[in-house]
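I opened my notebook today to get to know a structure that was new to me. Here is what I looked up, in the order I followed it.

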Amino acid sequence: MHKKLTPHQIKELLAGLPHWRQDGEREAIVREFVFANFSEAFAFMTQVALAAEKLDHHPEWANVYNRVNVVLTTHDAGGLTERDFELAGVADAAFERFALVPRTG
Ligand code: H2B
């Protein structure tokens, strides 16, 4: 079982993930990803879903057209653990790869 992080540990880890913020209402970190279109947003979700399955750590997320809102928290621990930060890093890396794909039209 992964251990809940302390507020100090959360602050330090968040400093390394500048695009993420802590949810004000609950113990979770959140980020919105914006893509060129729905296909890219959904392809991103597919990539992150496969990685999440491998990590056995799953996001709460919502997709509307080209936007994907991701909420990460560890349900088993009732708060944030290192796994949430690991998956956040995976999502950021996947998003970076989309940003590098040249677009036409
Ligand atoms: N994902 C998240 N975000 N939090 C969890 O506590 C969690 C999970 N637990 N994915 C995993 C699955 C657990 O239910 C299985 C049995 O390992």
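**Entry 1: the start of the sheet.** I began with Gln-22 and found that this residue stands opposite Ile-29 in S2. Keep in mind that I am reading a predicted model. One residue back, I looked up Arg-21, which stands opposite Val-30 in S2. I then checked the two strands as a whole: S1 covers residues 21–22, S2 covers residues 29–34, and 2 bridges join them. S1 and S2 run antiparallel. How many residues does the hairpin between S1 and S2 run through? I counted along the chain and found 6 residues in the hairpin that joins them.

**Entry 2: the next partner of S2.** I followed S2 to S4, a strand made of residues 67–72. Here I noted 6 bridges, and the pairing is again in the antiparallel sense. As a sample pair I picked Arg-31, whose bridge partner in S4 is Val-70. A reminder to myself: strands of a sheet pair through backbone hydrogen bonds, either parallel or antiparallel.

**Entry 3: the whole sheet.** In what order do the strands of the open sheet lie? I wrote down S1-S2-S4-S3, which makes 4 strands with antiparallel pairing. The edges are S1 and S3, the latter at 60–64, and each of these pairs on one side only.

**Entry 4: the ligand.** I turned to the ligand next and asked where it sits. The ligand is in the largest pocket. Around the ligand I listed Asp-56, His-57, His-58, Thr-73, Thr-74, His-75 and Asp-76. I sorted this shell by type and got 5 polar residues, 2 charged ones and no nonpolar ones.

**Entry 5: polar contacts with the ligand.** Which atoms of the ligand do Asp-56 and His-58 approach? For Asp-56, a polar side-chain atom lies 2.3 Å from an oxygen atom of the ligand. For His-58, a polar side-chain atom lies 2.8 Å from a nitrogen atom of the ligand. Thr-73 uses its backbone: a polar backbone atom of this residue is 2.9 Å from a nitrogen atom of the ligand. Last, I looked up how much of the ligand is covered: taken alone, the ligand exposes 390 Å², and the protein buries 66% of that.

Methods. Residues are numbered from 1 along each chain as its sequence is written. This is a predicted model: local features need pLDDT of at least 70, side-chain atom pairs count only at pLDDT 80 or more; totals for chains, interfaces and linings use all residues. Side-chain values use heavy atoms; hydrogens and water are left out. Two strands pair if DSSP finds at least two bridges between them. A residue is near a molecule or strand if one of its heavy atoms lies within 4 Å of it. A polar contact is a pair of N or O atoms within 3.5 Å; within protein, one must be able to donate a hydrogen and the other to accept it, and residues adjacent in sequence count only if both atoms are side-chain atoms. Accessible areas come from the Shrake-Rupley method with a 1.4 Å probe; for residues, only the protein chains shown count as cover. On a 1 Å grid over the protein atoms alone, a cavity is a set of points where a 1.4 Å probe fits but cannot get out, and a pocket is an open set with protein on both sides within 12 Å along at least five of seven lines; lining residues have an atom within 4 Å of a point. A molecule sits in a cavity or pocket if more than half of its atoms lie within 2 Å of its grid points. Ala, Val, Leu, Ile, Met, Phe, Trp, Tyr, Cys and Pro count as nonpolar, Asp, Glu, Lys and Arg as charged, and the others, Gly among them, as polar.
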